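This report walks through one protein model and its bound ligand. Sequence and coordinates come first, then the commentary.

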Amino acid sequence: IICSWKKSISNIKDVFEFKGKMGSGSFSEVFMVREKTTGKLYALKCLKKKHLAHSNLENEINVLRRIKHENVVGLEDFYESRTHYYLVMQLVSGGELFDRILDKGVYTEKDASKVIKQVLQAVSYLHENSIVHRDLKPENLLYYNTDENAKIMVSDFGLSKTMEHGVMHTACGTPGYVAPEVLAQKPYSKSVDCWSIGVITYILLSGYPPFFEDNETRLFSKIMRAEYAFHSPFWDDISESAKEFIRNMMEKNPTKRFTTEQALRHPWIAGDTAKDLDIY
Ligand code: ADP
Ligand code: MG
């Protein structure tokens, strides 16, 4: 097989000028870089090969390269050195979802509904392409630019995996956002992303997470039983339609849970039931 998309290089600094670190995790670092030949700016995700010994990154990359959606951070190119893989991603400059909400001061159900609709459209597209994101959380939702009405972009497919071979089994993701069936180590699928979108909606409307425990065992057991509530007074002025939307997304049984298609048809997203009142 000839891999025309895979570029082997000895030193990534021959291709890109490094501008600054934008983020780092346990397996990767993200830098802002300038491509020397074109002068174009990108976000470069650097992954150490030794952490990825048993993963199937090259197959995943091949799938991600075909992904093109206005609300999904695009993968533009891919390099490999002796020690690293490098993902060249479209650079977005608007910052993370929550940072902006904190700055904004006023926030309405309508604002939240518009954000969630874009996330649903992006994730629906990924699901149509047999990709489950698996790590949907606020840090992975970025604004395209600093405009007030900038679109939201779904990023970080580090944990995504194609599902062409059926259901997936790996337990991963961030505890507060993972679905009950993931923690219960049952087979899981696309529906885990819908649970996470439900959790994100919950936080957008209340300012606090649906599950909070200092003790991880207790946190896991609460999530596994889908034990959450709409506490007074925080939820008193939130519409019944928003709560019904969340109940359908944060449904314990993955076969009864809303799909992205059902979510996109719900009146809180598609209709006019999202209130225009300030939440905080
Ligand atoms: P990790 O696997 O470490 O979570 P991410 O891909 O989420 O890696 O990147 C870490 C951080 O870098 C993000 O939370 C975001 O702030 C920033 N970042 C990632 N991708 C981009 C991008 N395409 N444009 C701008 N900033 C980005
Ligand atoms: Mg991330």
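## Strand pairing

F31 of β3 has L44 as its bridge partner in β4. The model is a predicted one. β3 and β4 run antiparallel and are joined by 7 bridges. The two strands form a hairpin with 5 residues between them, and there G39 takes a positive phi near 80°.

β3 also pairs with β2. Strand β2 covers residues 16–24 and strand β3 covers residues 28–35. Their pairing is antiparallel, over 7 bridges. This is again a hairpin, with 3 residues between β2 and β3. Two cross-strand positions can be named. E17 has R34 as its bridge partner in β3. F18 stands opposite V33 in β3.

## The chain as a whole

The protein chain holds 9 helices and 10 strands. It has 280 residues, and 32% of them are buried. Consider the contacts with a separation of 6 or more: 64% of these link residues 24 or more positions apart.

## The nonpolar core

In soluble globular proteins, nonpolar side chains tend to be buried together. Here the largest nonpolar core has 61 residues. Those with the most contacts inside it are L44, V119, V154, I197 and M249. Helix α5, residues 191–206, gives the most to this core, with 9 residues.

L44 ties two parts of the picture together. This residue is the β4 bridge partner of F31, and L44 is also among the core residues with the most contacts.

What does V154 touch, leaving aside its neighbours within four places in sequence? Its contacts are N71, V72, V73, V119, A122, V123, H133, N140 and L141. One of these, V119, is itself listed with V154 among the core residues with the most contacts.

## Around ligand 1

The shell around ligand 1 has 20 residues. The closest are G23, G25, V30, A43 and D156. Four elements give two or more residues to this shell: β2, β3, β4 (41–48) and β6 (84–90). The largest share comes from β2, with 3 residues. By class, the shell divides into 8 nonpolar, 8 polar and 4 charged residues.

The hairpin strands therefore return here: β2, β3 and β4 are among the elements that each give two or more residues to the shell, under the element numbering by DSSP runs from the N terminus.

## Backbone outliers to check

Two residues other than glycine take a positive phi, and one peptide bond is cis. The table lists these backbone angles.

| Site | Angle | Location |
|---|---|---|
| S130 | phi about 60° | loop between α3 (109–128) and β7 (131–132) |
| R134 | phi near 75° | loop between β7 and β8 (141–143) |
| S232 to P233 | omega near 5° | P233: loop between α6 (216–224) and α7 (240–249) |

Are S130 and R134 buried or exposed? S130 has 13 other C-beta atoms within 10 Å, so S130 is partly exposed. The cut-off for exposed is 12 or fewer. R134 counts as buried because it has 25 C-beta neighbours inside 10 Å. The cut-off for buried is 20 or more.

The third site is a peptide bond. The bond from S232 to P233 is cis, and P233 sits in the loop between α6 and α7.

Technical notes
Residues numbered from 1 in each chain as written. Chains lettered and ligands numbered in written order. Predicted model: local features only at pLDDT ≥ 70, side-chain atom pairs only at ≥ 80, totals over all residues. Pairing = 2+ DSSP bridges. Contact = placed C-beta atoms within 7 Å. Core = buried A, V, L, I, M, F, W, Y, C linked by C-beta atoms within 7 Å. Near = placed C-beta within 6 Å. Nonpolar A, V, L, I, M, F, W, Y, C, P; charged D, E, K, R; others polar.
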